[in-house]
Amino acid sequence: MRINAFCTNDAVTALNSCDRVNYCGDCTTSDKRVYTYGYIDGHGIYIPDMLDETAFGNACDTILNSGKKAIVRAAFELEETGIIEARYKLSPVMLLHKMGVLGSCTIAGGVCLDNDDLDLMAQEGVALIVTPTASAGYGHGFAPVCAAISRGIRVGVGTFDGKYNRKADLNKEIEFLYLTANAEMRTDNAICRETLDKILAFEA
C-alpha cells in the first residue's frame with residue numbers, strides 16, 4: 001500500500017498517486033482512504049507547530065487525556081527549533097518527551113533532528129515523516145533519513161502543503177528523498193528500493 005503519510009493540501013488530489021492519505025486539517029471528503037488528523041476530532045491530533053504555548057499545552061493535554069495519537073510538525077526548520085531551545089533549553093523532541101507525549105507522537109519534518117533526538121525517538125518507538133520537496137523548497141534543508149533508518153526508526157513520506165509538489169505526487173517525493181539521502185550520506189544509492197518501498201508503506 002502506498003501512503004501519503006502527511007498531507008495538508010487537497011486530500012482527493014493526493015489520492016491520485018497513492019492508496020491512502022493521512023490528511024492534517026479540515027477535510028470534507030467521506031472517502032475512507034483519507035485518515036483525518038485534527039486538534040480533537042478525527043483519527044488523531046495534528047500539532048502544526050509547537051510555538052503557540054497555549055495551543056501546544058492544550059494539544060498535549062488532549063493527547064494525555066484521550067490516548068489519541070498525534071502528528072507533530074517539529075524540528076522542521078532552524079528558526080522554530082532555535083526558539084524552542086532558547087525558551088525551554090530543550091529540543092522539540094526532548095520537550096515532547098518532558099511533556100509526557102513523545103511516545104504518542106509521530107514527528108513530521110525533522111530537518112533539525114540531532115543524534116540525541118534520533119536516539120530518543122528510537123528508544124520511544126517514535127516514527128518520522130519527511131517532506132522532501134517542501135523541506136527543500138522552503139529552504140529548510142533535508143531530514144537525516146539514513147541516520148534515522150540506521151537506528152530502526154520507521155520513516156514515512158508526505159507532500160505537506162503541496163507548494164512545491166502541486167499534484168501531491170508521491171513519486172516526486174520519493175525521487176527527491178532518494179537524492180537527499182544520497183546528499184546526506186555523500187554517496188550514490190544510499191537507500192535501496194526495498195527501503196523506499198517500506199517508506200511508501202508507512203503506517204502512522
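1. Let me start with helix α2, residues 53–66. Its 14 residues reach 20 Å from the first C-alpha to the last, close to the 20 Å expected at 1.5 Å a residue. Please keep in mind throughout that this is a predicted model.

2. The two ends of α2 deserve a look as well. At the N-terminal end the cap is D52, with a side-chain oxygen 3.2 Å from the backbone nitrogen of T54. After the helix comes G67, and its phi is positive, near 75 degrees.

3. Which residues of α2 are buried? They are F56, G57, A59, C60, T62 and I63. As for their partners, these buried residues pack against the strands β4 (44–47), β5 (70–74) and β6, and also against helix α4 (92–98).

4. That brings us to α4, where P92 is found. P92 has a relative accessible area of 1%, and because that is under 20% it counts as buried. Setting aside neighbours within four places in sequence, its contacts are M50, A74, A75, E80, T81 and I84. If you would like a distance to check on screen, P92 and G82 stand 9.2 Å apart, C-alpha to C-alpha, with a separation of 10 residues in sequence.

5. Next, a small loop residue that is easy to pass over. S17 sits between α1 (11–14) and β2 (20–24). Is S17 buried or exposed? With a relative accessible area of 13%, S17 is buried. The S17 side chain comes to 2.9 Å from the backbone nitrogen of L170. L170 is also one of the residues that S17 touches, along with R2, A168 and D169, when residues up to four places away in sequence are not counted.

6. Now to the enclosed spaces. How many cavities of 30 Å³ or more are there? The count is 2. The largest has a volume of about 70 Å³, and the second largest about 50 Å³.

7. Around the largest cavity you will find F6, R73, F76, A108, G109, T131, A134, S135, Y138, H140 and F160. Two elements, β6 (105–109) and α6 (132–137), give two or more residues to this lining. Sorted by class, the lining of the largest cavity holds 6 nonpolar, 4 polar and 1 charged residues.

8. The second largest cavity is lined by G109, V130, T131, P132, S135, F142, A143, V145, L177 and T180. G109, T131 and S135 appear in this lining and also in that of the largest cavity, so it is worth viewing both linings together. Here α6 and α8 (170–185) each supply at least two lining residues. The classes for the second largest cavity are 6 nonpolar, 4 polar and no charged residues.

9. Last, the open side of the story. The largest pocket contains about 150 Å³ of space. Its lining is made up of I149, I153, R154, V155, T195, K198, I199 and F202. Which helix provides the largest share of that lining? Helix α9, residues 193–200, does so with 3 residues. By class, the pocket lining divides into 5 nonpolar, 1 polar and 2 charged residues.

Definitions and conventions. Residues are numbered from 1 along each chain as its sequence is written. This is a predicted model: local features need pLDDT of at least 70, side-chain atom pairs count only at pLDDT 80 or more; totals for chains, interfaces and linings use all residues. Side-chain values use heavy atoms; hydrogens and water are left out. On a 1 Å grid over the protein atoms alone, a cavity is a set of points where a 1.4 Å probe fits but cannot get out, and a pocket is an open set with protein on both sides within 12 Å along at least five of seven lines; lining residues have an atom within 4 Å of a point. Grid points are joined across faces, edges and corners, and a volume is the space filled by probe spheres set on the points. Helices (H or I, at least four residues) and strands (E, at least two) are DSSP runs, numbered from the N terminus. Ala, Val, Leu, Ile, Met, Phe, Trp, Tyr, Cys and Pro count as nonpolar, Asp, Glu, Lys and Arg as charged, and the others, Gly among them, as polar. The expected span of a helix is 1.5 Å times one less than its number of residues. Buried means under 20% relative accessible area, exposed over 50%, partly exposed in between (1.4 Å probe, protein chains only). Contact means heavy atoms within 4.5 Å. A polar contact is a pair of N or O atoms within 3.5 Å; within protein, one must be able to donate a hydrogen and the other to accept it, and residues adjacent in sequence count only if both atoms are side-chain atoms.
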